[in-house]
Amino acid sequence: MEIAQSSSSSTVTPTGKGFSLQRRQQIWGWVFLSPWLIGLICFTVLPMFASLLFSFLNFKLGDPGNIYFNNFGNYEYLLKDPLLGPAFMSTLKFALIALPLSIIVPIGLAALLNSKHLIGRPIFRTLFYMPYIVPVVSSAYIWSGVLNTDSGWLNRILFDLGLGKPNWLFDINLIYPALNIIGLWGVGNAMLIMLASMQGVPTELYEAARVDGAGGLTIFRRITFPMISPVVFYNLILSVIGIFRYFEVPYILKEGTGDPGNSTLFYNIHLYKNAFGQQDMGYGSTLAWLMFVIAMGMTLFLFATARYWVYYGSGEQA
Amino acid sequence: MTTQSQTSSVESYINTSPLYALQLKKMALYATVTLFAMLILMGFLTPFAYAVVTASKSEEQVKAGTVLPYTQETFTYDGKELPLLEVPQPDGTFRIMAGLKLMRGPQAKNEFINPSNTEEIFIWEGNWRDLKQIETLEIHLWENIVQVWESKQVNFPVMIRNTMAIAVLGLIGTLISCISVAYAFARFPIPRKRMLFLILVSTIILPSQVTLVPTFAFFSAIGWTGRDAVGFAPWLPLIVPHFFANAYNVFLLRQYFLTLPKELDEAAMIDGAGPFRILLSVIIPQSLPVIVAVAIFHLVFAWNDYFMPNLYLLGRDDLKPIAVGIQQFNYVFDIKPHLLQSSMILGLIVPVLIFLFAQRFFMRGVVITGVEK
């Protein structure tokens, strides 16, 4: 369908041979593109419509003979679901710490590694990156040991400093800082991207600013940040999506129970428990679409703010 | 750094020219920044140290609760293990003696014997817990790892086999599909190519949950998941989707293909090579660094992935990869931190080694996909 349409619109070259070559090339293009196109349709577009459809169904995987439209039953249940509120609250409380950290810490580390006064930069870069490579299961359990109330190394230090033994993973007030500490261990990827972006800032800009007598902070605010803002923006969007997808560390450490007191019942864990624990495909899809709409709304909002703070200079590639 | 000798205190004291002051200031700046970075780095590497140190302990050492894997030295006397302690003598010196009768309390009378002459009994008054214990560092890392590897509850050799099979089969799919799609985007006149490429890139930020439920229902309906699935079928949901390309790798490969000169393609075409021949004998041989990067990305991803195998291999312990398996191991050895941390080291050692050996390919790939997006 697409092929026929496109070939008719392609420019006709004087020789018939050129036309057929162009057309042959186009067909080959579709052939090489086909794995992605088929995948896009089978694993993205169709499932998206299917989950929208599922959200209007009573559909339990264990009871396939009993599938029927329940109209807005699943959506009505959103209002009644006693755990949806806690799931939103947990996600929000986590996000309030995680989102700023996910931008500030990689920028700070990248600035440090970008300093020309740092000796052995490649080694630092490699070692700061390394924890990102550790499987999430290993990092969750290693940290549960480091944060252990009695034998953990963090509390040994805090206790020696006279700060007591905080119950990191079992205290409602400390669980979010604790999870964020674990999350920050994997900051290396974002750090590396920010660092590469900082290294791409033309040195003439810095020299010019220094000639004008600008200090370090002014240079960062007026030159470095604007120049790396597209990358910051990209990372911010990935972080927002990442908050909604946050699952593995709390699921592994708390086995999906949400302890203590539903504080680790994050949105995605709630979704998982409904969709795959209860095998409720209908309500699971409803939760997925709610999340999709909210995440897309936030992404669009961020795109709308982008023109006020994201700088797309002439040097940027499309 | 070559000026190190000049900055020794004596010379800088003698030489008071402003140039030296400036150089000293510069050195101080280097030292401050580097030390600060090292301090943060120590925090980053501490968990690795914790895992290795804990995995090096024996069960007794874990119970003893010291930070490092120290063992209290003992002296066997009359069938009993007596702790060796440094006991203060009347003449102000210390002697290593074995505690025969150790009492509670700050003013208790404790009896010690001399290990080389068990007839000699010495009485010391005070709290024996204040005395320095004779400890030696004993590392049990290897035997712990062997014990984990050979444990009956969780079959590590099978888990490694499963991980490798899932990773390598998925890798084949990723390489074929992503190279093909990137080739299409880089070299062929496809109508609305820019829009298609934008759709491809935007799938990166699509929350995958919105496609997950029906995909799971579909794989479940065709018998590719669940307890009743036949043979190795539950691996298919983890492998088959990789034959349909993913945005990150296509992006990375396309960026690289675009930098290759088109003249070589055209020369090959004039020689009568078809698009497949050009891909195999012109594009791929020139792109090995980026193909290696994609391969490493996929291997590390597949080795580390937890969510998908946990979902699709539920109830099929015989098929689980290591990332899911070591979590089950935790249920078995919940209260044994040394074995738990040994299993975590088994889980992370392969990806970390791959990264350290191939870090240049790896980090360059991250930079291209991250910065140029």
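In this predicted model, chain B has an average pLDDT of 87, and 94% of its residues score at least 70. The exception to note is the beginning of the chain: residues 1-8 of chain B have a pLDDT below 50, and in the model this stretch has five contacts beyond near neighbours in sequence. For the model as a whole, ipTM is 0.86 and pTM is 0.86.

A good place to start is a group of strands in chain B. Strand β2 of chain B covers residues 74-77, and strand β3 of chain B covers residues 80-88; the two run antiparallel and are joined by four bridges. Within this pairing, B:F75 lies opposite B:L82 of β3(B). Two residues separate β2(B) from β3(B) in a hairpin, and in its turn B:D78 has a positive phi of about 60°.

Strand β3(B) also pairs with strand β4 of chain B, residues 94-101, again in the antiparallel sense, over five bridges. Here B:P88 has B:F94 in β4(B) as its bridge partner. These strands, β3(B) and β4(B), form a hairpin too, with five residues between them, and B:G92 in that turn has a positive phi of about 90°.

A further partner of β3(B) is strand β7 of chain B, residues 132-133, which runs antiparallel to it and is joined to it by two bridges. In this pairing B:E86 faces B:K132 of β7(B).

From the strands of chain B, the next step is the boundary between the chains. In chain A, 78 residues are in contact with chain B, where 70 residues take part. Helix α2 of chain A, residues 16-54, supplies the largest share of the chain A side, namely 19 residues. Sorted by class, that side of chain A has 53 nonpolar, 22 polar and three charged residues.

Within chain A, two helices can be followed as they meet. Helix α5 of chain A (residues 121-129) and helix α9 of chain A (residues 188-199) have axes that come within 8 Å and cross at roughly 145°. On the α5(A) side the contact is made by A:R125, A:F128 and A:Y129, and on the α9(A) side by A:G188, A:M191, A:L192 and A:L195. The residues of this contact comprise five nonpolar, one polar and one charged.

Another residue to locate in chain A is A:R245, which belongs to helix α11 of chain A, residues 216-245. A:R245 counts as partly exposed because it has 19 C-beta neighbours inside 10 Å, whereas a buried residue needs 20 or more. Its C-alpha atom is separated by 7.9 Å from that of A:Y267, which is 22 residues away along the chain. Apart from neighbours within four places in sequence, A:R245 is in contact with A:N268 and, in the other chain, with B:P207.

What remains is the nonpolar interior. The largest nonpolar core has 151 residues, and those touching the most other members are A:M194, B:V181, B:A182, B:V250 and B:L253. Helix α5 of chain B, residues 156-187, gives the most to this core, with 12 residues. For A:M194, the contacts outside its neighbours within four places in sequence are A:P106, A:I107, A:A110, A:I228 and A:V231. There is also a second, separate core of 11 residues, which includes B:L84, B:L85, B:V87 and B:I113. This brings the reader back to strand β3 of chain B, which spans residues 80-88.

Technical notes. Residues are numbered from 1 along each chain as its sequence is written. Chains are lettered from A and ligands numbered from 1 in the order in which they are written. This is a predicted model: local features need pLDDT of at least 70, side-chain atom pairs count only at pLDDT 80 or more; totals for chains, interfaces and linings use all residues. pLDDT is the predictor's confidence in each residue, from 0 to 100. Two residues are in contact if their C-beta atoms, placed from the backbone, lie within 7 Å. Two strands pair if DSSP finds at least two bridges between them. Ala, Val, Leu, Ile, Met, Phe, Trp, Tyr, Cys and Pro count as nonpolar, Asp, Glu, Lys and Arg as charged, and the others, Gly among them, as polar. Axes are lines fitted to C-alpha atoms, for helices over the stretch in contact, and angles run from 0 to 180 degrees between N-to-C directions. A residue is buried if 20 or more other C-beta atoms lie within 10 Å of its own, exposed if 12 or fewer, and partly exposed in between; C-beta atoms are placed from the backbone. A nonpolar core is a set of buried Ala, Val, Leu, Ile, Met, Phe, Trp, Tyr and Cys residues joined through C-beta atoms within 7 Å.
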